[in-house]
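Hello,

Here is the structure I promised to pass on to you. Please open it next to this email, and read on below for what I found.

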Amino acid sequence: MNVPVVWENRVRFEETDMQGVVFYANYVTFQDETFSAFLREIGYSYQDVETAGWDVHVVNVDMDYRGQATFADDLVHGYRIERIGESSMTGEYVARRADDEALLAEGTVTHVAVDSETGEPTRIPDDFREAVAAFQDTPPEQPDD
């Protein structure tokens, strides 16, 4: 996967479990933080989404765990939009340890765009699509929903 790094963090003690490794569910939180960072990187912040009158709801998360991170490890997180349909988009996520680039987790998250007032699915705006395509080396697929 050609997934650009958009967010970094250091593992906090509270993010580890009794075995001393990052608790698996925290990778979903990391993925969410990475999506927010991705929005900032493409110049389309979450506030811009709200101002434009739409929002995103997570409808699916897939995560495969490939390695272990421990307290105080520095992590790097990559994200790219793989596919944008009419009202949904699926992003690829990758987490690696910074010092040795070991793959820790990878997966996808699917968001559905909804109208802020009605909560009904809505078309993902063209300016968002353009910002994504301009940022990524490989533009997302854009099949019909």
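**Overall fold**

Going along the sequence, the elements of this protein come in the order β-α-α-β-β-β-β-α. Please keep in mind that this is a predicted model. In total there are three helices and five strands. The radius of gyration is 16 Å, close to the 15 Å that the globule rule gives for 145 residues, so the protein is as compact as a globular protein of that length. If you want a feel for its dimensions, the C-alpha trace spans about 45 × 30 × 25 Å along its principal axes.

A few more overall values may help. Of the 145 residues, 44% count as buried. The protein exposes about 7900 Å², and carbon and sulfur atoms supply 44% of that area. Among contacts between residues at least 6 apart in sequence, 69% join residues at least 24 apart.

**R129**

The first residue I would like to show you is R129, which sits in helix 3, the stretch covering residues 126–135. What is the nearest side chain of opposite charge to R129? That is D126, at 4.0 Å, yet R129 has no salt bridge even though it is buried.

R129 does have polar partners. A polar atom of its side chain lies 2.9 Å from the backbone oxygen of I124. The side chain of R129 is also joined to the side chain of Q142 by a polar contact of 3.2 Å. Both I124 and Q142 appear again in the list of residues that R129 touches, leaving out those up to four places away in sequence; the others on that list are I84, G85, E86 and R123.

**D55**

The other residue to look at is D55, which belongs to strand 2 (residues 54–65). Which side chain makes a polar contact with the side chain of D55? The partner is Y46, and the contact comes to 2.3 Å. Setting aside residues up to four places away in sequence, D55 touches Y46, V49, V112, A113, V114 and S116.

You could also pick out Q19 while you have D55 on screen. These two residues are 36 apart in sequence, and their C-alpha atoms are 37 Å apart in space.

When you go through the model, I suggest bringing up R129 with I124 and Q142, and then D55 with Y46.

Best wishes

Notes. Residues numbered from 1 in each chain as written. Predicted model: local features only at pLDDT ≥ 70, side-chain atom pairs only at ≥ 80, totals over all residues. Heavy atoms only, no water. Helix = DSSP H or I, 4+ residues; strand = E, 2+ residues; numbered from the N terminus. Buried < 20%, exposed > 50% of the residue type's maximum accessible area, 1.4 Å probe, protein only. Lys, Arg positive; Asp, Glu negative; His and termini not counted. Polar contact = N/O pair within 3.5 Å; in protein donor to acceptor, adjacent residues only side chain to side chain. Contact = heavy atoms within 4.5 Å. Rg over C-alpha atoms; globule rule 2.2 N^0.38 Å. Areas by Shrake-Rupley, 256 points an atom, 1.4 Å probe, with all protein chains shown as cover.
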